[in-house]
Amino acid sequence: MPPAHPFDDDKLREECGVFGAIGVSDAANFIALGLHALQHRGQEAGGIVTYDPESGFNSARRMGYVRDNFTSHEVMQTLPGSLGIGHVRYSTAGSKGQTAIRDVQPFFGEFAMGGAAIAHNGNITNADALRRELIERGSIFQSSSDSECIIHLMARSMGRNIPDRMEEALRKVEGAFSVVAMTRTKLIGVRDPLGVRPLVLGKVGDGWALASETCALDIIGAEFVREIEPGEMVVINAEKGVQSHFPFRPQKSRFCIFEHVYFSRPDSILGGRSVYETRENIGRELAKEAPVDADVVCPVPDSGTPAAIGYSLQSGIPYAMGIIRNQYMGRTFIEPTEQIRNMGVRLKLNVNRALIRGKRVILVDDSVVRGTTSRKIKEMILDAGAAEVHFRIASPPTAWPCFYGVDTPQREKLLAATMSEEEMTKHLGVNSLKFISLDGLYRAVGEAGGRDPKAPRYCDACFSGEYPVAPSDMIEKGFELKAVG
């Protein structure tokens with residue numbers, strides 16, 4: 001499914017969400033609600049697998065939004081049972097932008113000791129090598145997804161039960177993974193040793209839920225219990241509740257810092273911190289680092305809003321909704337003729353002219369990727385009669401691609417990879433452009449001393465070029481890591 005229009009093509013996409021539930025009647029309904037709350041993490045497709053003692057494992061996988069597929073009574077009645085998992089997807093591996101139904105998770109496998117289904121958020125950085133090895137040994141792949149490697153590795157394991165087999169499989173996997181999986185009686189959650197991608201545990205009545213974010217627990221009325229720890233595996237069943245152990249070699253965690261900046265919903269909690277408050281702090285730090293004389297602070301909706309509020313509060317410059325977002329812009333609005341394509345961002349955003357005319361405007365956005373949208377928004381603001389346009393960006397320059405579950409353009413297509421800040425300012429045609437520093441971003445997420453270059457607490461490879469796990473598949477294809485020293 002292609003982006004709705006050019007505006008969508010200039011953002012990084014985090015691009016999967018997972019949800020699981022056990023011990024609740026009609027688990028599929030809970031899962032559908034949870035996936036709806038996680039829709040921002042992937043809009044191409046979604047899937048649900050449930051288990052019912054009478055009918056066994058049942059699966060539904062569909063292209064498009066959760067609301068368009070998993071609200072149908074006909075679909076939901078095919079998913080009985082009190083145990084299930086679900087997944088929303090935007091392709092990070094496999095056929096990018098051309099998702100086939102066979103690539104839609106959860107994936108299911110039948111093993112000697114019974115069936116199991118698995119859904120994965122993240123990216124396996126040695127998937128090509130694993131796939132080659134598995135195919136040579138006789139495995140037959142059904143999809144182009146890196147996640148299918150886990151099922152095949154489990155099938156070849158000699159573990160006594162499915163959790164043991166999953167453990168053995170995941171020890172061979174490199175990269176980032178938050179996994180929810182299920183057997184006939186168990187719900188399983190695992191985070192990779194660095195904890196790059198999020199996974200949380202909730203209590204719902206007498207049952208339990210696993211989700212990518214706390215906002216998905218809120219929608220089903222579940223109580224947030226805790227985050228699954230980096231390197232932790234939890235196995236949940238009706239009799240024993242939650243059993244936890246740590247099957248991997250301990251490492252210092254490197255949670256994705258961009259989850260705080262953009263990926264997660266502002267009403268979620270990450271690492272004990274409100275995402276909204278963190279983004280407001282980012283705006284405050286940005287105002288300290290990059291002040292400018294202006295009349296009004298405007299967010300680029302919606303992701304720039306909390307940072308713009310923080311910038312306004314810190315600087316004392318009034319906050320205003322200078323750009324209004326059309327909430328009802330659909331993917332199938334009209335045929336994208338050349339004339340409509342040229343309208344681009346105007347289909348989704350419109351300038352509040354009465355507020356902008358004659359003003360010196362600070363525009364706060366979460367990131368600059370290719371810069372195409374930033375240029376169009378600047379033109380709209382100037383067309384509306386603004387006297388000056390100043391961009392303030394709530395993340396450092398994105399100069400390196402992510403290989404851990406985020407859809408990032410090739411490095412040469414990232415504006416910050418080929419231009420200095422001064423060159424970007426000229427390219428975008430704005431009066432000034434400033435990004436928050438990496439130290440400033442770390443301060444905003446609670447690291448008072450900024451970033452420790454010897455032992456960074458977060459994965460910030462998209463800004464720093466320092467990859468905590470070597471992207472071996474990409475290196476094999478010729479990707480050059482940042483020179484050290």
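How many aromatic pairs does the structure hold? The structure holds 13 aromatic pairs. Good morning, colleagues. Before I take up one of these pairs, I should state that what we have here is a predicted model.

I begin with confidence. The chain has a mean pLDDT of 90, and 91% of its residues reach 70 or more. Two stretches call for caution. Over residues 1-8 the pLDDT stays under 50, and the model gives this stretch 26 contacts beyond four places in sequence. The pLDDT is likewise below 50 over residues 330-336, a stretch with 10 contacts in the model beyond near neighbours in sequence. Where pLDDT is low, the predicted coordinates should not be read in detail. I shall therefore not interpret the contacts of residues 1-8, since the pLDDT there stays under 50.

Let me return to the aromatic residues. A pair of aromatic rings is described by the distance of the centres and the angle of the planes. For Tyr-404 and Tyr-467, the ring centres are 6.3 Å apart and the planes stand at 70°. Because an angle over 60 degrees counts as edge-to-face, the pair of Tyr-404 and Tyr-467 is assigned to that class. Where do the two residues lie? Tyr-404 belongs to the loop between strand 22 (388-393) and strand 23 (406-407), whereas Tyr-467 belongs to the loop between helix 17 (461-464) and helix 18. The pair therefore ties together parts that are 63 residues apart in sequence. Both Tyr-404 and Tyr-467 are buried. They also belong to one aromatic cluster, together with Trp-400, Phe-403 and Phe-479.

Leu-481 touches two members of this cluster, Trp-400 and Tyr-467. Its contacts beyond four places in sequence also include Pro-471 and Ile-475. Leu-481 is located in the segment after helix 18 (472-476). Is Leu-481 buried or partly exposed? Its relative accessible area is 42%, so Leu-481 is partly exposed. The C-alpha atoms of Leu-481 and Ala-470 are separated by 8.7 Å, with the two positions 11 residues apart along the chain as the sequence separation.

I turn next to helix packing. Two packed helices are described by the angle between their axes and the distance between the axes. Helix 5 (residues 148-156) packs against helix 6 (residues 162-171) at an angle of about 120°, and their axes are 8 Å apart. The crossing of helix 5 and helix 6 is right-handed. Which residues meet there? From helix 5 come Ile-150, Leu-153, Met-154 and Ala-155; from helix 6 come Ile-162, Arg-165, Met-166, Ala-169 and Leu-170. By class, this contact comprises 8 nonpolar residues, no polar residues and 1 charged residue.

Some points of backbone geometry follow. The peptide bond from Gln-105 to Pro-106 is cis, with omega near 0°. Pro-106 is found in the loop between strand 5 (83-89) and strand 6 (107-111). A second cis peptide bond runs from Pro-301 to Asp-302, with omega near -5°. Asp-302 sits in the loop between strand 18 (296-299) and helix 10 (305-315). Asp-26, although not a glycine, has a positive phi of about 55°. Its place is the loop between strand 2 (16-22) and helix 1 (27-37), and with a relative accessibility of 46% Asp-26 counts as partly exposed.

The loop between strand 5 and strand 6 also holds Ile-101. Ile-101 is partly exposed, at a relative accessible area of 43%. Beyond its neighbours within four places in sequence, Ile-101 is in contact with Arg-61, Arg-62 and Met-63. Ile-101 and Ala-45 are 56 residues apart in sequence, while their C-alpha atoms are 8.2 Å apart.

My last residue is Asp-365, in strand 21 (residues 360-365). Asp-365 has a relative accessibility of 4% and so counts as buried. The C-alpha atoms of Asp-365 and Arg-392 are separated by 6.6 Å, with 27 residues as their distance along the chain. Thank you for your attention.

Definitions and conventions: Residues are numbered from 1 along each chain as its sequence is written. This is a predicted model: local features need pLDDT of at least 70, side-chain atom pairs count only at pLDDT 80 or more; totals for chains, interfaces and linings use all residues. Side-chain values use heavy atoms; hydrogens and water are left out. Axes are lines fitted to C-alpha atoms, for helices over the stretch in contact, and angles run from 0 to 180 degrees between N-to-C directions. Helices (H or I, at least four residues) and strands (E, at least two) are DSSP runs, numbered from the N terminus. A crossing is left-handed if the near helix is turned anticlockwise from the far one by less than a right angle, and right-handed if clockwise. Contact means heavy atoms within 4.5 Å. Ala, Val, Leu, Ile, Met, Phe, Trp, Tyr, Cys and Pro count as nonpolar, Asp, Glu, Lys and Arg as charged, and the others, Gly among them, as polar. pLDDT is the predictor's confidence in each residue, from 0 to 100. Buried means under 20% relative accessible area, exposed over 50%, partly exposed in between (1.4 Å probe, protein chains only). Rings of Phe, Tyr and Trp (its six-membered ring) pair if their centres lie within 6.5 Å; planes under 30 degrees apart count as stacked, over 60 as edge-to-face and the rest as tilted.
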